[in-house]
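Me: I'm in my first year and still learning to read protein models. Could you take a close look at one part with me, the cysteines, and then show me how a few other spots fit in?

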Amino acid sequence: MINIGLTGWGDHDSLYEDLQRKSDKLITYASHFPIVELDASYYAIQPERNINKWIRETPKRFEFIVKIHQALTLHADYHEFTETRQELFEQFTAMIEPLQAVGKLAMVLVQFPPWFDCTAKNIAYIRYVREQLKAFPMCVEFRHQSWFNETYKEETLRFLTAHQIIHAVCDEPQVGQGSIPLVNRITNEIAFVRYHGRNTNGWTKKDMTDEAWRDVRYLYDYNDRELMDLVNKVKILEHKAKKVYVVFNNNSGGHAAKNAKTYQQMLGIDYQGLAPKQLKLF
């Protein structure tokens, strides 16, 4: 089964045209897609009340791909959040345990920064993270090309396989060392695919502010030919993996939901067990 979803549920306006209350966004989102990537956890450890609310608002089959906290992928200094990195790991794992207990945790996404290159030090850090997350499905997304160059590509895949780490298959702009190629391989019985779009000009910061960069980095609308090519690639993964998760992240211009719906139609998928769609009164 190929499970399709989006990053977050808050910004996809096309799904909420008739929504009466903003607080019902997740409920409505769960009537369209069976998975979502939770990115709020990247910025802060979410309180238990939030986790329990999201569990209640989603159907039994719904799953969350939880993005690990930014300080645990070295995007930020853990001292800004806790006294020790270990303490932050404990807070994070405690946060996701309720999701795992009810079968709603698809995986933990560990997305490393573009400067996290293929070195012995960084390989050791991945081992450390895997030990901290040994009770959970874990996926690694690299963003430095060295992991998949001619020298290290096969070694990287073997390393992920040996440690039961899911490899994030990514479609993204190819702009040198700060991006990775689409490596259509699995390292686990679970496959995970992320579509970032192909906005080459907006992928790197250059002279933009952080806010302006966020507005254009994922600004891309996949055309039907591109989507069909991606469909053909994911079908290969489907033959090899027990479960496949696909997330569209190209939402700077609001294209992710539309692209995901078209992609779903191309695959001929009709999901069962989603939340009931809210009926229009008029």
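Reply: Here is a walk through the cysteines, followed by some loops and a charged patch.

Please keep in mind that this is a predicted model. How many disulfides does the structure hold? The count is zero. In general, a disulfide is a covalent bond that joins the sulfur atoms of two cysteines. Here, the pair of sulfur atoms would have to be within 2.5 Å. Take Cys 118: its closest cysteine sulfur belongs to Cys 170 and is 16 Å away, so the two are too far apart for a bond. Cys 139 is in no disulfide either, and its nearest cysteine sulfur, again that of Cys 170, is 7.8 Å away.

Are these cysteines buried or exposed? Cys 118 counts as buried because its relative accessibility is 16%, and buried means under 20%. Cys 139 counts as buried too, at 0%.

Now for two residues with an unusual backbone angle. As a rule, most residues other than glycine have a negative phi. Leu 74 is not a glycine, yet its phi is positive, near 70°. You will find Leu 74 in the loop between strand 3 and helix 4, and it is partly exposed, with a relative accessible area of 28%. Gln 164 also has a positive phi, of about 55°, without being a glycine. Its place is the loop between helix 6 (153–162) and strand 6 (165–171), where Gln 164 counts as exposed at 55% relative accessibility.

The loop that holds Leu 74 also holds Thr 84, since that residue lies between strand 3 (63–67) and helix 4 (85–101). Thr 84 counts as partly exposed, at 38% relative accessibility. Between Thr 84 and Thr 204 there are 31 Å in space, C-alpha to C-alpha, and they are 120 residues apart in sequence.

For another long-range pair, look at Lys 258 in helix 10 (residues 256–267). Lys 258 is 157 residues from Ala 101 in sequence and 32 Å from it in space, C-alpha to C-alpha. With a relative accessible area of 41%, Lys 258 is partly exposed.

Last comes the charged patch. Which residues form the negative surface patch? They are Asp 11, Asp 13, Glu 17 and Asp 39. Of these, let's pick Glu 17, which sits in the loop between strand 1 (2–7) and helix 1 (25–29). Glu 17 counts as exposed because its relative accessibility is 64%, and exposed means over 50%.

Key. Residues numbered from 1 in each chain as written. Predicted model: local features only at pLDDT ≥ 70, side-chain atom pairs only at ≥ 80, totals over all residues. Heavy atoms only, no water. Patch = residues over 30% accessible without salt bridge, like charges linked within 9 Å, V, L, I, M, F, W, Y side chains within 5 Å. Areas by Shrake-Rupley, 256 points an atom, 1.4 Å probe, with all protein chains shown as cover. Salt bridge = Lys/Arg side-chain N within 4 Å of Asp/Glu carboxyl O. Lys, Arg positive; Asp, Glu negative; His and termini not counted. Charge placed at Lys NZ, Arg CZ, Asp CG, Glu CD. Helix = DSSP H or I, 4+ residues; strand = E, 2+ residues; numbered from the N terminus. Buried < 20%, exposed > 50% of the residue type's maximum accessible area, 1.4 Å probe, protein only.
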